[in-house]
Amino acid sequence: MTGFKLKRVTISSPAQLDAWLGGADGRHTRVMLVTHADATNTSHVPRDVIRDALSAHRWVAERSYTLNGGLLGHVIRRA
């Protein structure tokens, strides 16, 4: 299996997520959203908030991964 690199987009708030999804150009059909895993961190964006925003902008979640440094990576793609 050949690995591939996804564009990583670090988000720290629901507003930032909404702005990125709304302005995403057509160059990327799959990306990895990165957020803090710790729910007490001010930069944490809950999974349900991410899924709602994805749905509103016609994106879908594929898989989530735990990354180094207490981060979560959410692989998303255009619907």
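**Exercise 1. Name the buried residues of helix α2 and say how they are placed around the axis.**

Solution.
Step 1. Helix α2 spans residues 47-56, and its buried residues are Ile50, Ala53 and Leu54.
Step 2. These residues cover an arc of only 100 degrees around the axis, so they lie on the same side of α2.
Step 3. The structure is a predicted model.
Step 4. On the face turned away from the buried side, α2 carries the exposed residues Asp48, Asp52, Ser55 and Ala56.
Step 5. The cover over the buried residues of α2 includes α1 (14-23), β2 (30-36), β3 (59-67) and β4 (71-78).
Step 6. Just after α2, arginine 58 has a positive phi of about 65 degrees.

**Exercise 2. Decide whether isoleucine 50 is buried or exposed, and list what it touches.**

Solution.
Step 1. Isoleucine 50 is placed in helix α2.
Step 2. Buried means under 20% relative accessible area.
Step 3. Isoleucine 50 has 2% relative accessibility and therefore counts as buried.
Step 4. Residues up to four places away in sequence are not counted; isoleucine 50 then touches Ile11, Leu17, Leu33, Thr35, Val45 and His74.
Step 5. For a distance in space, take alanine 19: from isoleucine 50 it is 31 residues away in sequence, and the two are 12 Å apart, C-alpha to C-alpha.

**Exercise 3. List the residues of the largest nonpolar core and find which element gives the most to it.**

Solution.
Step 1. The largest nonpolar core has twelve residues: Val9, Ile11, Leu17, Leu21, Val31, Leu33, Val45, Ile50, Ala53, Leu54, Trp59 and Ile76.
Step 2. Two or more residues of this core come from each of α1, β2 and α2.
Step 3. With three residues, α2 gives the most.
Step 4. In soluble globular proteins, nonpolar side chains tend to be buried together.
Step 5. Leucine 21 can serve as a sample member of the core. Its neighbours within four places in sequence left aside, leucine 21 is in contact with Ala53, Leu54, His57, Trp59 and Ile76.

**Exercise 4. Give the strand order of the sheet, and explain why β1 and β3 each have one side without a neighbour.**

Solution.
Step 1. The sheet is open and has four strands, in the order β1-β2-β4-β3, with mixed pairing.
Step 2. β1 (7-10) and β3 stand at the edges with a single partner strand each, so one side of each has no neighbour in the sheet.
Step 3. Direction ignored, neighbouring strands of this sheet are turned by 30 degrees against each other on average.
Step 4. β2 and β4 run antiparallel and are joined by seven bridges. Leucine 33 stands opposite histidine 74 in β4.
Step 5. Helix α2 packs on the sheet and touches β2, β3 and β4; the direction of α2 makes about 150 degrees with that of β3.
Step 6. β3 and β4 are also antiparallel, joined by seven bridges. Tryptophan 59 stands opposite arginine 78 in β4.
Step 7. The hairpin of β3 and β4 has three residues between the strands, and glycine 69 there takes a positive phi near 75 degrees.

**Exercise 5. Find the salt bridges and state which parts of the chain each one ties together.**

Solution.
Step 1. The cut-off is a side-chain nitrogen of Lys or Arg within 4 Å of a carboxyl oxygen of Asp or Glu. By this rule there are two salt bridges.
Step 2. One salt bridge joins the side chains of arginine 30 and glutamate 62, at 2.6 Å from N to O. Since arginine 30 lies in strand β2 and glutamate 62 in strand β3, this pair ties together parts 32 residues apart in sequence.
Step 3. The side chains of arginine 77 and glutamate 62 also meet in a salt bridge, at 3.0 Å from N to O. Arginine 77 lies in strand β4 and glutamate 62 in strand β3, so the parts tied together here are 15 residues apart in sequence.
Step 4. Arg30, Glu62 and Arg77 are thus linked in a network of salt bridges.
Step 5. Arginine 30 also has arginine 77 as its bridge partner in β4.

**Exercise 6. Classify the accessibility of arginine 30, glutamate 62 and arginine 77.**

Solution.
Step 1. Buried means under 20% relative accessible area and exposed over 50%, with partly exposed in between.
Step 2. Arginine 30, at 31%, counts as partly exposed.
Step 3. Glutamate 62, at 32%, counts as partly exposed.
Step 4. Arginine 77, at 35%, counts as partly exposed.

Notes: Residues numbered from 1 in each chain as written. Predicted model: local features only at pLDDT ≥ 70, side-chain atom pairs only at ≥ 80, totals over all residues. Heavy atoms only, no water. Buried < 20%, exposed > 50% of the residue type's maximum accessible area, 1.4 Å probe, protein only. Arc of directions from axis to C-beta. Contact = heavy atoms within 4.5 Å. Core = buried A, V, L, I, M, F, W, Y, C linked by side-chain atoms within 4.5 Å. Pairing = 2+ DSSP bridges. Axes fitted to C-alpha atoms, helices over the stretch in contact; angles between N-to-C directions.
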